[in-house]
Amino acid sequence: MRQSTLDMDDLRKRRSLVITRKEAAEALGVDPRTITTSINEGTIPHVKLGRRIVIPREKFLALFADAATDSGEA
């Protein structure tokens with residue numbers, strides 16, 4: 001399996017307003033299908049642009065902000 005090169009700190013540093021499902025999966029260390037399932041269940045916010053689905057970066061990071069502060073990160 002390929003090593004992840006993107007992590008949550010990388011996402012925090014980016015200036016982009018949105019991230020892809022693949023980027024979100026890589027940062028969390030999960031399969032992209034897990035992100036798709038979470039989007040379909042409504043647990044991860046998303047925006048549909050035509051046929052493309054993107055995730056608002058700030059809202060995605062906010063989902064994990066509590067976990068980061070609990071573990072001593074951030």
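In this predicted model, Phe60 makes a good entry point: leaving aside residues up to four places away in sequence, Phe60 touches Met8, Leu11, Ile19, Ala24, Leu28, Ile44 and Ile55. Phe60 also belongs to the largest nonpolar core, a set of 13 residues, where it ranks with Leu11, Ile35 and Ile55 among those with the most contacts inside the core. Four helices feed into this core, with at least two residues each from H1 (8-13), H2 (21-28), H3 (32-41) and H4 (57-63). The largest share comes from H2, which puts in three residues. As general background, nonpolar side chains in soluble globular proteins tend to be buried together.

Helix H2 also carries a charged residue worth a look, Glu26. Is Glu26 buried or exposed? With a relative accessible area of 16%, Glu26 counts as buried, because the cut-off for that label is under 20%. The side chain of Glu26 is not without a polar partner, as a polar contact of 2.9 Å links it to the side chain of Thr5.

Then there is the sheet. Three strands make up an open, antiparallel sheet, lined up in the order S1-S3-S2. Strands S1 (18-19) and S2 (47-49) sit at the edges, each pairing on one side only. S3, spanning residues 52-56, runs antiparallel to S2, and three bridges hold the pair together. Within this pairing, Lys48 stands opposite Ile53 of S3. In general, strands of a sheet pair through backbone hydrogen bonds, in either a parallel or an antiparallel fashion.

Key. Residues are numbered from 1 along each chain as its sequence is written. This is a predicted model: local features need pLDDT of at least 70, side-chain atom pairs count only at pLDDT 80 or more; totals for chains, interfaces and linings use all residues. Side-chain values use heavy atoms; hydrogens and water are left out. Two strands pair if DSSP finds at least two bridges between them. A nonpolar core is a set of buried Ala, Val, Leu, Ile, Met, Phe, Trp, Tyr and Cys residues joined through side-chain atoms within 4.5 Å. Buried means under 20% relative accessible area, exposed over 50%, partly exposed in between (1.4 Å probe, protein chains only). Contact means heavy atoms within 4.5 Å. A polar contact is a pair of N or O atoms within 3.5 Å; within protein, one must be able to donate a hydrogen and the other to accept it, and residues adjacent in sequence count only if both atoms are side-chain atoms.
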